Amino acid sequence: MSQNQEVELEINLFSPENMIDPYPVYKLLRDEEPVHYLRDMNLHVVTRYDLLRDVIKRTEEFSSKYDQFMGGAQMQMFNTLSDDQKAEAFKIAQGMIDIPPTMLTLDEPEHTRYRSLVSKLFTGGQVKKSEADVRAVIEENITAMKGKGRLDFMEAFAFPVPLEIISDRLGIPADKQSRDFFYEAATSAAAALKMAPVPPEQILIRMKTAVDLQKFLIRLVDECRQKPKDDMISILANSKLTEEEGRERDLTHGEILSVLNQFLVAGHETTASTFGWAMLVLCDNPDLEDQLRGDEKRIKTFVEEVLRFEAPVQGLPRVVTRDTDLGGYPLKKGDMLMLRYGAANRDERQFNEPDKINIHREKAGMQMAFGSGVHFCIGSPLARQELNIGFYELLSNFKNFQLDPTVGRPVADPSFILRALPELRVTYQDI
Ligand code: HEM
């Protein structure tokens, strides 16, 4: 159905109920209006698997230069500030280094130049090398869980594990002060992407923290340029970017911050969220534990299934670059699309019984939680490594994971982009 037709489905994807449980609405949209015009947001929401793939492939017609969308959301927040707060915000912003787009919000050929440089950080060799670090962090957090029997899994494991791993890989100094600051600043940066309403004072605190984080990272970049080490910041700081004319140059501070920012916001909360959803699936399906324990291959399928079932990045935008159509639905130059990975992953045209976790599903890796095409998640080998080793070790050390009966069922954060559980209280026993 086109946006010009008189009858449109009246759907508010932003209502708290639909953000907390979007799946019934996604099904309705896939069946009735797979490209749906969301008037309030001026967005065309795409929900069917085949159409998402089509959009992602047609990069010339559907651009990733959607900074304006994120900028618009930030502007809305800025407008909630009082005049004094706006003045304060301007002052803080003066201390900020400009961040140019790299990778996520660029198209070819600029995208390719940054992507091929950053891909050095995620080669098979690099990921293999990180295995010992990943295991060490997971073991440390598992040891801390021993004998407790009841805790918030998000706080005890799901949040700290990916954050400690990315901090080690980046080369954040291991002293307590640096780590405490970095954890707080990274959490604050990721919170900004949730696009949930925030009190004005909080906006100013976030801005200050973002400036401090930039200064902290730039100090490390400069140190690594003087004395390179074997970590991600050193590799980025000492890599050369090949310009269009073939000339090579160092990355600027802004470019390095842009890449690191993507690692922090795209890489941490997403992996943490998947740990949380996977634990909820275990609690909801008690017979899974015995089928998975000690079986690396099944655990891999389980992780893919969880990513399919609860895509941590529910959706991302694309911009239409010329008048065209998508599955017969007319689009105009400048229209903004919103791809819903969470809806495509439950498409019954692609997956049998999509609302069930099937640890024997063939081609479970066809799930779209990491996107596809040229922007396919560059950090997916690291995320998969963390999740696969994490659940192997959790199930080897503990049993009988259940939702804590003294607390209600956990509810997802109301967010349009990142889908995560703020807390997940469970009980379990040591093995
Ligand atoms: C379960 C965990 C993760 C999920 C669900 C996830 C999801 C995604 C998705 C959907 C995209 C595609 C964006 C698009 O098509 O526009 C993406 C891209 C990206 N991800 Fe991830 N991600 C995860 C983990 C990570 C990690 C661990 C890192 C880095 C440490 C990372 C860094 C990136 C970067 C840099 C991009 C941009 C790639 C490009 O534009 O070429 N992600 N991710």
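Start by selecting helix H7 (residues 124–145) and helix H9 (residues 160–170) in this predicted model. Their axes come within 10 Å and cross at roughly 145°, and the crossing of H7 and H9 is right-handed. To see what fills the contact, show side chains for Ser130, Asp133, Val134, Val137, Ile138 and Asn141 in H7, which meet Pro160, Val161, Glu164, Ile165, Asp168 and Arg169 in H9. Colour these residues by class and the contact of H7 with H9 separates into 6 nonpolar, 2 polar and 4 charged residues.

**Next stop: the ligand**

Now select the ligand and the residues around it. Which residues come nearest? Of the 25 residues around the ligand, they are Gly267, Thr270, Gly371, Cys377 and Gly379. Two elements give two or more residues to this shell: helix H13 (253–284) and helix H17 (380–397). Of the elements, H13 gives the most to the shell, with 7 residues. How does the shell around the ligand divide into nonpolar, polar and charged residues? Colouring by class gives 15 nonpolar, 9 polar and 1 charged.

**The two helices beside the ligand**

Keep H13 and H17 on screen and hide the rest. The axes of H13 and H17 come within 10 Å and cross at roughly 30°. Angles under 35 degrees count as roughly parallel, so H13 is roughly parallel to H17. The crossing of this pair, H13 and H17, is right-handed. For the contact itself, pick Thr270, Thr271, Thr274, Phe275 and Ala278 in H13, then Ala383, Glu386, Leu387, Gly390 and Phe391 in H17, which they meet. The contact of H13 with H17 holds 5 nonpolar, 4 polar and 1 charged residues. Pause on Thr270 here: this H13 residue takes part in the contact with H17, and Thr270 is also among the residues that come nearest to the ligand.

**A further partner for H17**

Leave H17 in place and bring in helix H15 (residues 296–309). The axes of H15 and H17 come within 9 Å and cross at roughly 125°, which makes H15 oblique to H17. The crossing of H15 and H17 is right-handed. Select Glu296, Ile299, Lys300, Phe302 and Val303 of H15 together with Arg384, Leu387, Asn388, Phe391 and Tyr392 of H17, and you have the contact in view. By class, the contact of H15 with H17 has 6 nonpolar, 1 polar and 3 charged residues. Two H17 residues are worth labelling: Leu387 and Phe391 are in the contact with H15, and Leu387 and Phe391 are in the contact with H13 as well.

**On to the sheets**

Switch to a cartoon view and look for the open sheet of 3 strands, with the order E4-E12-E11 and antiparallel pairing. Where are its edges? They are strand E4 (150–152) and strand E11 (398–403), each of which pairs on one side only. From one strand to the next, the twist averages 30°. Zoom in on E11 and strand E12 (residues 425–430): these run antiparallel and are joined by 4 bridges. Click on Lys399 and you will find Gln429 of E12 standing opposite.

For the last stop, select the open sheet of 5 strands, which has the order E1-E2-E10-E7-E3 and mixed pairing. Strand E1 (35–38) and strand E3 (62–63) are the edge strands, each pairing on one side only. E3 pairs with strand E7 (residues 315–320) in the antiparallel sense over 2 bridges. Finish at Ser63, which stands opposite Val319 in E7.

Methods. Residues numbered from 1 in each chain as written. Predicted model: local features only at pLDDT ≥ 70, side-chain atom pairs only at ≥ 80, totals over all residues. Near = placed C-beta within 6 Å. Nonpolar A, V, L, I, M, F, W, Y, C, P; charged D, E, K, R; others polar. Pairing = 2+ DSSP bridges. Axes fitted to C-alpha atoms, helices over the stretch in contact; angles between N-to-C directions. Parallel < 35°, antiparallel > 145°, perpendicular 65-115°, else oblique. Left-handed = near helix turned anticlockwise from the far one by under 90°. Contact = placed C-beta atoms within 7 Å.
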